[in-house]
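Colleague: Before I set anything up from this model, I would like a close look at a single part of it. Could you take me through the place you would pick, and then through its wider setting?

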Amino acid sequence: MDRPKSLLRGQRCRPRQERSAAGAGNRFALKISLAYSLAGGLWILLSDGMISTLVSDPLRLRTIQTGKGWVFVLISSFLLFFIIRYYRKILYRNEEYFNEMVRGVSSATGDTFFNLLVQSLGDALNADYVLIGELFGEERESVRTVAVYARGRDMENLSFPLAGTPCERVIAEGLCSFEEGVRQKFPLDHIAAEMGVESYVGVPLFDASGRVIGPMAVMGRKPLENIVLAEKMLLVFAVRAAAELERARSEKTIQYMAFYDPLTGLPNGRLFNDRLSQILANAERTKRFPAVMFIDLDRFKNINDTLGHVAGDELLKAVAERLASVLRKEDTVARLGGDEFLVLLPDIRVAEDGASIAAKLIDAMKPSFSINGIELHVALSIGIAIFPFDGDCPDSLLKNADTALNRAKELGRNNYQFYLSEMNERSLHRLGMESMLRKALERGEFLLHFQPQYTLYDQKVIGFEALVRWQHPEKGMISPGEFIPLAEETGLIGPIGEWVLRTACHQNKAWQNAGFEPKRMAVNISARQFYRQDMVGLVKQILSETGLEPCWLELEITESLIMQDVEEAIHKLTKIREIGVQIAIDDFGTGYSSLSYLQRFPVDTLKIDRSFVRDLTGSVDGSAIVDAVIALAHSLKLKVVAEGVETDEQMNLLRIKDCDRVQGFLLSKPQPVDRLARFLSRPHRLQKENSNPIPEDNLVKKINQR
Ligand code: C2E
Ligand code: MG
Ligand code: MG
């Protein structure tokens, strides 16, 4: 369907009788001339014969002959005059039409242009129908008109399948004319049959790249008066019509992109906001209760990271379809971005309506999704806010629905929550915490505790894990579980994490400088810190600043951190390991990492999460998991650390299972720096904490003060 070399290429497709259409004018002129010659000849023969029988006087005869000649010339002149005048009038009229069309059409754009063009073509060509259409459908198998003209009546735009119509021929071959017999030639064209089309002239419209984008055609219920003129006019206006059609299409695309999500085809946040504003504007007057739902797919990120973005996108599309299928036509479901969706219910009578719709949405996700042959399960968390109780403007409704969503997530996901003002209080509390956290670093309110790690084999302290604490002036000691997530969300984890890393390295080096046996220092690194910061540069800088050898530093990262961006994580971890720093996977077993990835990760140690250690003595499953992790680690030549060892029984079992190292309250809780001397000064025998109070080590105290 590329642009033909000449727009007239299509003339080749014209049927035989149409090919002589241009010569029809010649034949007509020839016929008139013949008729005139015949009439003239007869006139001369008859009149000469009659006159010579009636008049015998040669002088009179000559006078009459001369007079007759004059009469003939006079009549011929009159005839010539009328014919020339008639054709000049037609020519003039066509020229006028043409000028008028060009004038009208050239100043108009968009729908006005198309409507004016079909109207003008209809008038100028005395046609019954004119249409300008664009191709649509996946295979571009249908035509949708952008303007139609029907003489003497209004006609709505229409769409029809291309197959079996003269337009199909136009699209495939270029200009086509059928002076008559269209219905017989195209028996499948029901619309042409309904409209009683007999005669047809059409041209293709091309876009800038030479692709056919639609047809433009004039049609008559009787043979069109002037097929040649119709062809010419269509050819002349096709270029402009095509340009206008293309412009209208790109305008539509731009508009679509501005208001719709290209992946799912759902409205985007902007359109959602528009609709919400409109509904709220009328809600009070009409006594309606619109509700807004904020929806988030639970753990979608894991699916995206594990199966890739293409599968993730497929899943989002399928989820969007299911969401839309549950809702009514008047509801709006929009995609805000990522795995976040919004629903607008224009009117719920009671809160239970909102609850039942939310439950339906959650239920709709229960059947698994089949993406690239893999069965995936998706769950939703939903937050609901209702006008006017939970907000009287779009912003506050959305904000509160979001707060409710967070609550739904906190409550274990896969559920829905209504907004409660108490949540607002929680948000305010968080805001207060956030501002305090910002100041904590400047005020030096953070400190590190260190928990020793032991070898199971020879019962030696081989290192420490640095655990941050917040010494709040009023609230006392705050554990990292309470402020690390907030620090991550707000980005404060960057400076806090840097402080932890620097202080831990500094402390370790200080112990070495003080003559203690070197030990490894493990430092926890959170995901945001890992991806946002130049981790490799920071580690190098801190090591050179503190003078600590890289082999005495270990970074603890979690599985979920790696799964956020596997390739990036592998890249950064490899670089860090190249420096000589060790890498441990913390809380192993709680994330969702695929085991096949594990051999690609540049790691040295797996830390079995304490939940599995806790279950070790209680359940067969717990014991089996620990067995599996130890076997897996050893087969990959990794060391295993069991976290959270609290009892002798756990300790003995871990020894039997050939675990390498242990860490837990049984041996020592995390300690402030000034209580660590006993773990440093001499090789330590396994003993319970506080079994033998140890005097504070003045040297360590001094280091800490530095
Ligand atoms: P984690 O890295 O898994 O650290 C171990 C946690 O388990 C510590 O809690 C420790 O006190 C606790 N623990 C150790 N042995 C036992 C035991 O026998 N029984 C019980 N019940 N708990 C035990 P903590 O200090 O509250 O830290 C909690 C989490 O906060 C850490 O888990 C880590 O993920 C994070 N965290 C701590 N410090 C930092 C830090 O400096 N940076 C970052 N990004 N995260 C940190
Ligand atoms: Mg840790
Ligand atoms: Mg851990």
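Modeller: I will begin with one loop residue, bearing in mind that this is a predicted model. Aspartate 658, at 48% relative accessibility, counts as partly exposed, because that value falls between the 20% limit for buried and the 50% limit for exposed. Aspartate 658 sits in the loop that runs between helix 24 (648-656) and strand 22 (661-662), and its backbone has a positive phi of about 70 degrees although the residue is not a glycine.

A related case is asparagine 372, which likewise is not a glycine and has a positive phi of about 50 degrees. Asparagine 372 belongs to the loop between strand 10 (369-371) and strand 11 (374-376), and at 60% relative accessibility it counts as exposed. A further backbone feature is the peptide bond from phenylalanine 387 to proline 388, which is cis, with omega near 0 degrees; proline 388 is placed in the loop between strand 12 (380-386) and helix 13 (394-410).

A positive phi also appears at glycine 491, where the angle is about 90 degrees and the position is just after helix 15. The buried residues of helix 15 (residues 480-490) are Phe483, Leu486 and Ala487. Seen down the axis of helix 15, these buried residues fall within an arc of 105 degrees, so they line one face of the helix. An α-helix has 3.6 residues a turn, so residues three or four places apart point the same way. On the other side of helix 15, Gly481 and Glu489 are exposed.

Turning to the metal site, the magnesium ion (ligand 2) has as its protein donors Glu465 (OE), Asn524 (OD1), Glu556 (OE) and Asp586 (OD), which lie 2.0 to 2.2 Å from the ion. Along the sequence, the donor residues of this magnesium ion (ligand 2) follow the spacing E-x58-N-x31-E-x29-D. Distant parts of the chain are linked here, with glutamate 465 in strand 15 (residues 461-472) and glutamate 556 in strand 18 (residues 553-558), 91 residues apart. Glutamate 465 is buried, with a relative accessible area of 4%, and glutamate 556 is also buried, with a relative accessible area of 1%. Aspartate 586 coordinates both the magnesium ion (ligand 2) and the magnesium ion (ligand 3), and the two ions are 4.1 Å apart.

Another buried polar residue is glutamine 671, with a relative accessible area of 2%. Glutamine 671 is part of strand 23 (residues 671-672), and its side chain is joined to that of serine 668 by a polar contact of 3.3 Å.

On the surface, by contrast, Phe28, Ile32, Tyr36, Val71, Ile75, Leu79, Ile83, Tyr86 and Tyr87 form a nonpolar patch, and together they have about 830 Å² of accessible area. Helix 2 (21-54) and helix 3 (58-107) each supply at least two residues of this patch, and helix 3 gives the most, with six residues. Tyrosine 87 has its place in helix 3 and, at 40% relative accessibility, counts as partly exposed.

Methods:
Residues numbered from 1 in each chain as written. Chains lettered and ligands numbered in written order. Predicted model: local features only at pLDDT ≥ 70, side-chain atom pairs only at ≥ 80, totals over all residues. Heavy atoms only, no water. Donors = N, O, S within 2.8 Å, 3.2 Å for Na, K, Ca; no water. Helix = DSSP H or I, 4+ residues; strand = E, 2+ residues; numbered from the N terminus. Buried < 20%, exposed > 50% of the residue type's maximum accessible area, 1.4 Å probe, protein only. Patch = residues over 30% accessible without salt bridge, like charges linked within 9 Å, V, L, I, M, F, W, Y side chains within 5 Å. Areas by Shrake-Rupley, 256 points an atom, 1.4 Å probe, with all protein chains shown as cover. Salt bridge = Lys/Arg side-chain N within 4 Å of Asp/Glu carboxyl O. Arc of directions from axis to C-beta. Polar contact = N/O pair within 3.5 Å; in protein donor to acceptor, adjacent residues only side chain to side chain.
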